[in-house]
Amino acid sequence: MAGQRVEVDGGILEGGGQILRVSTALSCVLGLPLRVQKIRAGRSTPGLRPQHLSGLEMIRDLCDGQLEGAAIGSTEVTFTPEKIKGGIHTADTKTAGSVCLLMQVSMPCVLFAASPSELHLKGGTNAEMAPQIDYTVMVFKPIVEKFGFNFNCDIKMRGYYPKGGGEVIVRMSPVTQLNPINLTDRGSVTKIYGRAFVAGVLPFKVTKDMAAAAVRCIRKEIRDLYVNIQPVQEPKDQAFGNGNGIIIIAETSTGCLFAGSSLGKRGVNADKVGIDAAEMLLANLRHGGTVDEFLQDQLIIFMALANGVSRIKTGPVTLHTQTAIHFAEQLAKAKFTVKKSEDEEDSSKDTYIIECQGIGMRNPNL
């Protein structure tokens, strides 16, 4: 099984945890032994952090692989994958490390497992520098399922910065192959909805303030749609610690989904949290793409593994997306092209078509 180790430079492009997630997931799915060097080399705290380590250990356990150099602060790991089994696995960041990022690294692997998987992911559900779990469930899930699979995400407990303490359970069955996707027709925005939440000691009024500020901001640009943002007090037994935040989603006539979200921090007033989320959503609606800036890079690995040609229309291509493409080409040998969109309606906008000839990965374990 073990051929030549693939060497990955963890310091190029995005230069962070994303390189580790993409390369480890592809290594596991493709059965490629891997060495990643210079992990998070340019970050203020270089090397593996608890959330990266718990993700790596879960992937190792999923496939009975060998993992060397996996310790907090380590800048080099080697990974030798074996057959992906499935079953019940736990990853616990023991911090506010994002459960959504744990899901990102594990999902491609469990799709190509021998049997169904149940992943218990523990950490932050609504944490900075990562998708919020609400984004994962409301935007990522319905779009990624177009590749021809379903997953179930059960939010047991929400966890916030700095304590974490959240838990989600992801259940998923393997597939034989992934279907390609074609997301090039954006349609028109038909509804805008969302949720504004508080948890712990924060007063409920904060939800109303965030939502009202967000609605005022959206109204300036989009006048003809009712914006339905639910204020939510997270139940005491379903939220660990204190937090507040908002996610707003726009849905189009062709089923495209876009989001803007923001989390409260000490000293930041509720209006600003609402406005930040609204402005992020509006920016994602201006570029004419069919996916927002956060979905872009998350779809690349699935496009690379799918059986056929996939196309997505995007706004400006992010560094995370460039990074995912680079490693999908290096490891999976998929072929990507990124071109400016030639559609009439996109001529004045910064709109691109990302096309991929997927490798048609077949599940060797089923």
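**A four-stranded sheet and an annotated binding site**

In this predicted model, four strands form an open sheet with mixed pairing, arranged in the order E1-E2-E4-E3. The edges of the sheet are taken by strand E1 (6–9) and strand E3 (66–68); each has a single partner strand, so one side of each is left without a neighbour in the sheet. From one strand to the next, the twist averages 15°.

At the E3 edge, a closer look at the pairing is helpful. Strand E3 pairs with strand E4 (residues 77–80) in the antiparallel sense, and three bridges join them. Within this part of the sheet, Glu68 is found opposite Thr78 of E4.

Two helices pack on the sheet. Helix H1, which covers residues 17–30, touches E1, strand E2 (34–37) and E4. The direction of H1 makes an angle of about 170° with that of E2. Helix H8, covering residues 319–332, also packs on the sheet, where it touches E1 and E2. For H8, the angle is given against E1, and its value is about 165°. Strands E1 and E2 are thus touched by H1 and by H8.

Attention now turns to the annotated site. An unreviewed UniProt entry places the feature "binding site" at Gln104, Phe294, Leu295, Gln296, Asp297 and Gln298. These residues are spread over 195 residues of sequence, yet they cluster in space, with a largest C-alpha distance of 12.9 Å. Among them, Gln104, Asp297 and Gln298 belong to the lining of the largest cavity.

Two of the annotated residues can be followed in more detail, beginning with Leu295. This residue sits in helix H7, which spans residues 293–305. Leu295 has a relative accessible area of 0% and is therefore buried. When residues up to four places away in sequence are not counted, Leu295 touches Tyr135, Val139, Phe140 and Ile143.

Asp297 is likewise a residue of helix H7. With a relative accessible area of 13%, Asp297 falls under the 20% limit and so counts as buried. Neighbours within four places in sequence aside, Asp297 is in contact with Gln18, His320, Thr321 and Ala324. These contacts lead back to the helices on the sheet: Gln18 falls within the residue range of H1, while His320, Thr321 and Ala324 fall within that of H8. Asp297 is thus an annotated binding-site residue that helps to line the largest cavity and also touches residues of both sheet-packing helices.

Technical notes:
Residues are numbered from 1 along each chain as its sequence is written. This is a predicted model: local features need pLDDT of at least 70, side-chain atom pairs count only at pLDDT 80 or more; totals for chains, interfaces and linings use all residues. Side-chain values use heavy atoms; hydrogens and water are left out. Two strands pair if DSSP finds at least two bridges between them. Axes are lines fitted to C-alpha atoms, for helices over the stretch in contact, and angles run from 0 to 180 degrees between N-to-C directions. Contact means heavy atoms within 4.5 Å. UniProt positions are given in the numbering used here, feature names are shortened, and annotations may be inferred rather than shown by experiment. On a 1 Å grid over the protein atoms alone, a cavity is a set of points where a 1.4 Å probe fits but cannot get out, and a pocket is an open set with protein on both sides within 12 Å along at least five of seven lines; lining residues have an atom within 4 Å of a point. Buried means under 20% relative accessible area, exposed over 50%, partly exposed in between (1.4 Å probe, protein chains only).
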